[in-house]
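Hi,

Here is the model I promised to pass on. Have a look at it first, and then read my notes underneath.

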Amino acid sequence: RSSDLFLEFELRADGMLRYANQSNYRKDPIIKKQTRVSPAVIEEVKRLVVSSQVLTCDDSKWPEPDRDGKQELDVRIGNTHVSFSTNKISQDRAIKESADPEGLAAFTYLVQEIKDLTLTLLSLHFKLKPV
């Protein structure tokens, strides 16, 4: 059985980056990290979100979260606010077979890009020692 999955990323306009990961794998506790990022990072995340076209998506046709996991994404850019929730997507086939493959693909790939960027930034922040 797959583990439940909850990922949360928050990037505020002031540069505060927060990450939370609740996997429930082997009863691991929730992982929370936060750091501050530069205005350039904020602009890059905005660019990723806008270019993904996820702001025009609607999650009503996506698979509902289930016992195998969920993914959530909440985006606020200016006066635009969208919130998404779907089950854990583990195969491209699940995207292709959904009622909204284009929207679900945009969501899935954006979440992966944000996850990769966030984990890279947090890894650099918490592993590098000041000179």
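A salt bridge here means a side-chain nitrogen of Lys or Arg within 4 Å of a carboxyl oxygen of Asp or Glu. R18 and E10 fit that, because their closest N and O atoms are 3.6 Å apart and the limit is 4 Å. R18 is partly exposed, at 31% relative accessibility, and E10 is partly exposed too, at 32%.

Before the rest, bear in mind that this is a predicted model. The mean pLDDT of the chain is 84, with 91% of its residues at 70 or more. Taken by element, the lowest mean pLDDT is 77, in strand β1 (residues 6–11), and the highest is 94, in helix α1 (residues 39–52). Please keep the β1 value in mind, as that strand turns up again below.

**Salt bridges**

How many salt bridges does the structure hold? There are seven. As a general point, side chains of opposite charge can pair when their charged atoms come close. Besides the pair above, I looked at these:

- R12 pairs with D14, and their closest N and O atoms are 2.8 Å apart. R12 is partly exposed at 28% relative accessibility, and D14 is partly exposed at 43%.
- R76 pairs with D74, with 3.5 Å between the closest N and O atoms. Here R76 counts as exposed, at 60% relative accessibility, while D74 is partly exposed at 35%.

The R12–D14 pair also belongs to something wider: R12, D14 and R36 are linked in a network of salt bridges.

**The pocket**

The largest pocket has a volume of about 680 Å³. Its lining draws two or more residues from each of β1, α1, β4 (70–77), β5 (80–87) and α3 (101–127). In total 28 residues line this pocket, and they split into 18 nonpolar, three polar and seven charged.

Which residues lie nearest the centre of the largest pocket? They are E10, L11, D74, V75 and R76. Some of those names will be familiar by now: E10 is the partner of R18, and D74 and R76 form a salt bridge with each other.

**The core**

In soluble globular proteins, nonpolar side chains tend to be buried together. In this model the largest nonpolar core has 27 residues, and the ones that touch the most other members are V49, V54, L73, F84, F107 and L110. The elements giving two or more residues to this core are β1, β2 (16–22), α1, β4, β5 and α3. Which element gives the most to this core? That is α3, with eight residues.

If you compare the two lists, β1, α1, β4, β5 and α3 each give two or more residues to the pocket lining, and they each give two or more to the core as well.

**A few single residues**

Is T118 buried or exposed? T118 sits in helix α3 and counts as buried, because its relative accessibility is 3% and the cut-off for buried is under 20%. T118 is 109 residues from F9 in sequence, yet their C-alpha atoms are 7.7 Å apart in space.

The loop between α1 and β4 has two residues I'd like you to look at. One is Q53, where phi is near 65 degrees, a positive value in a residue other than glycine. Q53 is exposed, with a relative accessible area of 54%. The other is R67, which is exposed at 59% relative accessibility. R67 and K88 are 21 residues apart in sequence, and their C-alpha atoms are 9.4 Å apart.

Finally, P29 is in the loop between β2 and β3 (31–36). P29 counts as exposed because its relative accessibility is 61%, and exposed means over 50%. From P29 to I42 there are 13 residues in sequence and 28 Å in space, C-alpha to C-alpha.

If you only have a few minutes, start with E10, D74 and R76, which are among the residues nearest the pocket centre.

Cheers

Conventions. Residues numbered from 1 in each chain as written. Predicted model: local features only at pLDDT ≥ 70, side-chain atom pairs only at ≥ 80, totals over all residues. Heavy atoms only, no water. pLDDT = per-residue confidence, 0-100. Helix = DSSP H or I, 4+ residues; strand = E, 2+ residues; numbered from the N terminus. 1 Å grid on protein atoms, 1.4 Å probe; cavity = no way out; pocket = protein on both sides within 12 Å on 5 of 7 lines; lining within 4 Å. Points joined across faces, edges and corners; volume = space filled by probe spheres on them. Nonpolar A, V, L, I, M, F, W, Y, C, P; charged D, E, K, R; others polar. Buried < 20%, exposed > 50% of the residue type's maximum accessible area, 1.4 Å probe, protein only. Core = buried A, V, L, I, M, F, W, Y, C linked by side-chain atoms within 4.5 Å.
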